[in-house]
Amino acid sequence: RPIDIERKLRNGDITIREFIRGLAKSQFYLKHYFFNVNQKRSIEISIKNLLGRPLINSCELIKYIEIIQNEGFEAYIDSLIDSNEYIEVYGEDTVPYPRYWDSPAGGATSFFVKTALNAKASATSDNVIYRSSFT
């Protein structure tokens, strides 16, 4: 557990946004959602967890692969949390949540389908999805 950032959040020293940033950069997150899955799956999971949506297209995937390769994982996490999309949707004090269950205006129908595929079931965890014994 990242006790230091939990303490800072409880004390009001950091916002929810900075707490989420700390969680996404933690050793736990790296171990379960970066090192133990392939790069495409890692990007799918982090976009789902941090932006509340599936990947838009292969161009977005390539963009994030390039950030990871050229600047590192932490810069990639920063690019998501510092994005206009994150700030407009969640601001400083909202925990990211799945956004495409309700088919928002402007969202493609495929986003709903991809969201459903990414979610699989409410009782599963991201690091076991797509393993052969669970598919």
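This report walks through one helix, some aromatic pairs and some salt bridges in a predicted model.

**Helix α4**

Let's start with α4, which covers residues 39-51. How far apart are the end C-alpha atoms of α4? They sit 17 Å apart, and at 1.5 Å a residue the 13 residues should span 18 Å, so the two values agree.

At the N-terminal end, α4 is capped by Asn38, which places a side-chain oxygen 3.1 Å from the backbone nitrogen of Lys40. Past the other end, Gly52 comes just after α4 and takes a positive phi of about 70 degrees.

Plenty of this helix is tucked away: its buried residues are Arg41, Ser42, Ile43, Glu44, Ile45, Ser46, Ile47, Leu50 and Leu51. Lys40 is not on that list; with a relative accessible area of 43%, Lys40 is partly exposed. Glu44 has a value of 14%, and under 20% is the cut-off, so Glu44 counts as buried.

Lys40 and Glu44 also have something going on with each other. Their side chains meet in a salt bridge, 2.9 Å from N to O. Both belong to α4, and being four residues apart puts them about one turn of the helix from each other.

**More salt bridges**

The model's salt bridges come to twelve. Here are three of them, with the N to O distances.

| Salt bridge | N to O distance |
|---|---|
| Lys40 and Glu44 | 2.9 Å |
| Arg53 and Glu85 | 2.7 Å |
| Arg99 and Glu85 | 2.3 Å |

Glu85 turns up with both Arg53 and Arg99. What parts does the Arg53 and Glu85 pair tie together? Arg53 is in the loop between α4 and α5, while Glu85 is in helix α7 (residues 84-90), so this pair ties together parts that are 32 residues apart in sequence. Arg53 is buried, at 3% relative accessibility, whereas Glu85 is partly exposed at 23%.

Then there's the pair of Arg99 with Glu85. Arg99 comes from the loop between α7 and α8 and Glu85 from helix α7, so the parts being tied together are 14 residues apart in sequence. Arg99 counts as buried, with 13% relative accessibility.

Elsewhere, salt bridges with shared partners build a network, which joins Arg17, Glu18, Arg21, Lys25, Asp78, Asp82 and Glu92.

**Aromatic rings**

A pair of aromatic rings is described by how far apart the centres are and by the angle of the planes. This model has eight aromatic pairs. In one of them, the rings of Phe28 and Tyr33 have centres 6.5 Å apart and planes at 75 degrees, so the pair is edge-to-face. Is Phe28 buried or exposed? Phe28 counts as exposed, at 51% relative accessibility, while Tyr33 is buried at 13%.

Tyr33 also pairs with Tyr29: the ring centres are 4.8 Å apart and the planes are at 55 degrees, so this pair is tilted. The two tyrosines, Tyr29 and Tyr33, are four residues apart in helix α3 (residues 27-35), which means about one helical turn separates them. Tyr29 is buried too, with a relative accessible area of 8%.

Ring pairs also build a cluster, which links Phe34, Phe35, Tyr64, Phe73 and Tyr76.

How values were computed:
Residues are numbered from 1 along each chain as its sequence is written. This is a predicted model: local features need pLDDT of at least 70, side-chain atom pairs count only at pLDDT 80 or more; totals for chains, interfaces and linings use all residues. Side-chain values use heavy atoms; hydrogens and water are left out. Rings of Phe, Tyr and Trp (its six-membered ring) pair if their centres lie within 6.5 Å; planes under 30 degrees apart count as stacked, over 60 as edge-to-face and the rest as tilted. Buried means under 20% relative accessible area, exposed over 50%, partly exposed in between (1.4 Å probe, protein chains only). A salt bridge is a side-chain nitrogen of Lys or Arg within 4 Å of a carboxyl oxygen of Asp or Glu. The expected span of a helix is 1.5 Å times one less than its number of residues. A polar contact is a pair of N or O atoms within 3.5 Å; within protein, one must be able to donate a hydrogen and the other to accept it, and residues adjacent in sequence count only if both atoms are side-chain atoms.
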